[in-house]
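Let's take a walk through this model together, one piece at a time. Have the structure open and turn it as you read.

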Amino acid sequence: ISSRKPLYPAHMSATEAAAAVRSRLLYSGMLKVDMQDSSEANVECEELDASIYIFGSKNRNRALDGDQVAVELVDVDEMLNEKLTKRQIRYTRRLSAMSLNGGQASSITSNGGLSSIPEDNSILLDVGPKYCGRVVCVLERPKSMLFAG
């Protein structure tokens, strides 16, 4: 028996998840992983007529691009705060790695000047996702999917 903490939460059984989807406790759809940033994914959900944003591999819970998944909705602010925290940690690590390697940290912190930020804040409204969630079950995986490892 291993005393290691599991990397991912256990999946719900497919039958249990399908029943929860029918009773609208969970939502289902196809997972699309962002090809530019694999820590971000969306599940197109017909029941909500919107997509559900998923941040991080832990919340994606071993689901792969193209999988039909069951998703539990979570608080949007909570997930966006988790994303911000992880991005800040990554940024801090990069800065300290650059300073250890003798690189110029000032080149990373430069944002090209604040004059490029528009003064009209109406563009900034409605940028966040309407729904956020985490995968609790992979309902179906495409038969033709190839793996490499």
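Let's begin in the loop between β2 and β3, where you'll find Asp49. Keep in mind that this is a predicted model. Asp49 has a phi near 55°, a positive value in a residue other than glycine. Is Asp49 buried or exposed? With 71% relative accessibility, Asp49 counts as exposed, because the cut-off for that class is over 50%.

Two other residues share the topic of positive phi. Arg62, in the loop between α2 and β4, has a phi near 70°, again positive in a residue that isn't glycine. Its relative accessible area is 40%, so Arg62 is classed as partly exposed. The other one is Arg24, just after α1, with a positive phi of about 65°.

Now for the strands. β1 makes a good anchor, since it is mostly covered: five of its seven residues are buried. On one hand, β1 is joined to β2 by four bridges, and the two run antiparallel. Lys32, for instance, has Asn42 in β2 as its bridge partner. The two strands make a hairpin, with six residues between them. On the other hand, β1 is also joined to β4, again through four bridges and again antiparallel. Here you can look for Ser28, which stands opposite Ala70 in β4.

What do these strands hold between them? In soluble globular proteins, nonpolar side chains tend to be buried together. In this model, the largest nonpolar core has 14 residues, and those touching the most other members are Leu31, Val43, Ile52, Ile54, Val69 and Val71. The elements that give two or more residues to this core are β1, β2 (40-45), β3 (50-55), β4 and β5. A second core, separate from that one, has seven residues, including Val21, Leu26, Ala70 and Cys137.

Ile52 is a nice spot to stop and look around. Setting aside neighbours within four places in sequence, Ile52 is in contact with a list of residues that includes Tyr27, Ala41, Val43, Cys45, Val71, Leu73, Tyr131 and Cys132. Asn42 and Gly133 are also among the contacts of Ile52.

Next, the helix. In α1 (residues 14-22), the buried residues are Ala17, Ala20 and Val21. Viewed down the axis of α1, these buried residues fall within an arc of 100°, so they line one face of the helix. The general background is helical geometry: an α-helix has 3.6 residues a turn, so residues three or four places apart point the same way. What covers the buried residues of α1? The cover includes β1 (27-33), β4 (68-74) and β5 (131-140). Over on the other side of α1, Thr15 and Arg22 are exposed.

Back to the loop between α2 (57-60) and β4, because there is a polar residue there that deserves a look: Asn61. Where would you place Asn61, buried or exposed? At 1% relative accessibility, Asn61 counts as buried, since the cut-off is under 20%. A polar atom of the Asn61 side chain lies 3.2 Å from the backbone oxygen of Val135. Not counting neighbours within four places in sequence, Asn61 is in contact with Tyr8, Pro9, Ala10, His11, Val135 and Val136.

That contact list leads to Pro9, which sits in the segment before α1. Pro9 has a relative accessible area of 37%, so it is partly exposed. Leaving out residues up to four places away in sequence, Pro9 touches Lys58, Asn61 and Arg62. So the Arg62 we met earlier, with its positive phi, turns up again here as a contact of Pro9. Pro9 and Val136 are 127 residues apart in sequence, while their C-alpha atoms are 8.0 Å apart in space.

Finally, the cysteines. A disulfide is a covalent bond between the sulfur atoms of two cysteines. How many does this model have? A search of the whole structure finds zero disulfides. Two of the cysteines are worth finding all the same. Cys132 is buried, at a relative accessible area of 1%, and Cys132 is also one of the contacts of Ile52. Cys137 is buried too, at 3%, and belongs to the second core.

Notes
Residues are numbered from 1 along each chain as its sequence is written. This is a predicted model: local features need pLDDT of at least 70, side-chain atom pairs count only at pLDDT 80 or more; totals for chains, interfaces and linings use all residues. Side-chain values use heavy atoms; hydrogens and water are left out. A disulfide is a pair of cysteine sulfur atoms within 2.5 Å. Buried means under 20% relative accessible area, exposed over 50%, partly exposed in between (1.4 Å probe, protein chains only). The arc is that of the directions from the helix axis to the C-beta atoms. Contact means heavy atoms within 4.5 Å. A nonpolar core is a set of buried Ala, Val, Leu, Ile, Met, Phe, Trp, Tyr and Cys residues joined through side-chain atoms within 4.5 Å. A polar contact is a pair of N or O atoms within 3.5 Å; within protein, one must be able to donate a hydrogen and the other to accept it, and residues adjacent in sequence count only if both atoms are side-chain atoms. Two strands pair if DSSP finds at least two bridges between them.
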